[in-house]
Structure formats: C-alpha cells, structure tokens
Amino acid sequence: MTKAQINKKIFELQTEEDIINFVKERLNELEESSVEETVGQNYTDSFKGYISQKTHYKAAEKIDDFECPDLVYDDITPYVNLVKELKTGTWYNELTLLTTIYFLVCNYLPSEDIGIGRYMAYASHKGKRLSIKTVRENCIAFCSEKSGMAHNLFKFLGIDSEVVCGARETEMHSYNFIYPNGYGNEPMVLYDPSYFVNFVNGNDKLSFGFFKAFHRQDYEALKNGIPMQIDLSKTEENYRKLYGYDGSLDNYKFENENPIYVYGLENAKKYKNSNPRK
C-alpha cells in the first residue's frame, strides 16, 4: 500500500475490529516484502528496511562474550494505538507525526533503568530472540529499542525512514532520519525519539518531538563522517508554527540545545576517542 492509500484507509476504519484487522494486514504486507539480514549496533551504520520477524535486529553490542539476542517487535499494540491516535484528528502529516510517534514510543517503552536492568535482561535471556514486550515490562528501553520502534511506525504508514547507528555527543547512540519526500530527497529530517524539545513558562513545561531538517549538503557531510552540531534555536520558529499556531506557545520560552550528532559506527568511535570525557 502507498502512503496515500494508508492515510485514506485509516480514516475509513470504524470499529476496533476494523483497526486490528487493518494493522495485521499492513504488517503482513511489510513482513512479506522483508528479507533476512543482521542489522543494528556494531553491525550496520544504518538500516532502511522494515524490522520484521526475519530481521536480526541487534539493539546492543555483544553481551559479555555472547551475541546479543535479536530484538523482535512482535506486539501489534503500538500500531493499533497509532491508528487510534491518528483517527482522533482529521488529518496528519510527517511533521505532526514526529510528536505523535514520540509520545507513543515513550508511553509504550518507559525507561526507568540506568543500564543495569537492560544488561541483565539481555545477558540472562536464554533464547535467540527477545520480545519488545519483555523490554516494555521491565522498563529498560534505551535508544536502540526506541529508534527501532519509531522506524517501524513510520514504515507502517508508508513513510521512508532510516535507523542510524552513530553517536550523540560522545555516547554511542541510535536515532532516525525521516524522508517525507522519499529516500534521497530533501528535506532529510533528523529525528531522535529518545529526546524532546521543551517550551517553558514558569513551572509549566510543554514537550514536543525532537527534529531538525537537513539540506542535502549538510546531510551528505554528516554521512561522510563530519560531526554536526544541531542548533535547535534555528528550528524554534518551525516548532512554534507547527505546535503553537493557535497562540498556545506565545508566553512560553524555548529551551535551546546544541547537541552534536555523528553518523555511523566507525565515525562515532573516532569522534568519541578524539573527545574523551573530562
């Protein structure tokens, strides 16, 4: 199904059964078009295919001396929740989806762990496949689990997406690129479901999905190993137009960040080694 066909179909669905059947149909379509391959941390710089039941998706590097089990996105709940959320409105586009999917991922994959619980869950797992439901139940999701889920949700909607293994500052990190106009076409949107942007008014805080649109020149430079510092102050106006079009953000101050992103495993390791923590 094309992006337009999926969009149209979502707003035609009437009942819970209709939604579930559509989700299963769409996921089956994605499964049938997928191929078996190994991707993820310490394996690939990026991955553009749907993370299917055939995919050996590695959310972490080796656990001790053992291969990390495959993370399997085997729960239809996030896709059902996505369809329900979209149906509460009358339209959506790729930019509004960035915040919708951010909250869906955060709500489905809460993280109350500093790393020990995640390590124990992967290290003690006996099988070769670890269900995303186990990650959820133990509240141990990190960037790889979140970016993989966000990626699949975009793919579910027919929107081109990419999971990137690289770095944020000096931490190895997984994030996404979204391509509203198709792979290779501007804008290339860096999207990080592990972080968010804030607007603050006193004790009130409003958070939205973290994104930065790239022109081809900067996108190619990033892919070629040049670290890119993201000045979110340059994106503030876009956030205000998108989320504060009704004036709801007029009295809120934007909290700016300037994180550095690196694309690719070797580039991330080089950057980390050349910028040791103080």
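Reader: Let's start with Tyr119: is this residue buried, partly exposed or exposed?

Author: Keep in mind that we're reading a predicted model. The general idea is to look at the relative accessible area and see which class it falls in: under 20% is buried, over 50% is exposed, and anything in between is partly exposed. Tyr119 comes out at 36%, so this residue is partly exposed. Tyr119 sits in helix H5.

Reader: Which residues form a nonpolar patch on the surface with Tyr119?

Author: Ile114, Ile116 and Met120 join Tyr119 there, and together the four have about 460 Å² of accessible area.

Reader: OK, on to charges. How many salt bridges does the count come to?

Author: For that, you look for a Lys or Arg side-chain nitrogen within 4 Å of an Asp or Glu carboxyl oxygen. By that rule there are 12 salt bridges.

Reader: Show me one. What is the N to O distance between Glu12 and Lys8?

Author: Their side chains meet at 2.4 Å, N to O. Now apply the accessibility classes again: Lys8, at 54%, counts as exposed, while Glu12, at 40%, is partly exposed.

Reader: And Arg26 with Glu29, where do they lie?

Author: Both are in helix H2, which covers residues 16–32, and they are three residues apart, about one turn of the helix. Their side chains form a salt bridge at 2.5 Å, N to O. Check the accessibility of each partner on its own: Arg26 is buried, with just 5% relative accessibility, whereas Glu29 is partly exposed at 30%.

Reader: Is Lys58 buried or exposed?

Author: Lys58 has a relative accessibility of 2%, so this lysine counts as buried. Its side chain meets that of Glu67 in a salt bridge of 2.6 Å, N to O. When salt bridges share partners, you can read them as a network, and here one such network joins Lys58, Glu67 and Asp70.

Reader: Which residues does Lys128 touch, leaving out those up to four places away in sequence?

Author: The trick is to skip the sequence neighbours and see what else is in contact. For Lys128, that gives Pro69 and Asp70. So Asp70 turns up twice, as a contact of Lys128 and as a member of the network with Lys58 and Glu67, if you cut-off contacts at heavy atoms within 4.5 Å.

Reader: How far apart are the C-alpha atoms of Lys128 and Pro69?

Author: They are separated by 4.7 Å, although the two residues are 59 residues apart along the chain. Lys128 itself is in the loop between helix H5 (116–124) and strand E5 (129–131), and at 73% relative accessibility this lysine counts as exposed.

Definitions and conventions: Residues numbered from 1 in each chain as written. Predicted model: local features only at pLDDT ≥ 70, side-chain atom pairs only at ≥ 80, totals over all residues. Heavy atoms only, no water. Buried < 20%, exposed > 50% of the residue type's maximum accessible area, 1.4 Å probe, protein only. Helix = DSSP H or I, 4+ residues; strand = E, 2+ residues; numbered from the N terminus. Patch = residues over 30% accessible without salt bridge, like charges linked within 9 Å, V, L, I, M, F, W, Y side chains within 5 Å. Areas by Shrake-Rupley, 256 points an atom, 1.4 Å probe, with all protein chains shown as cover.
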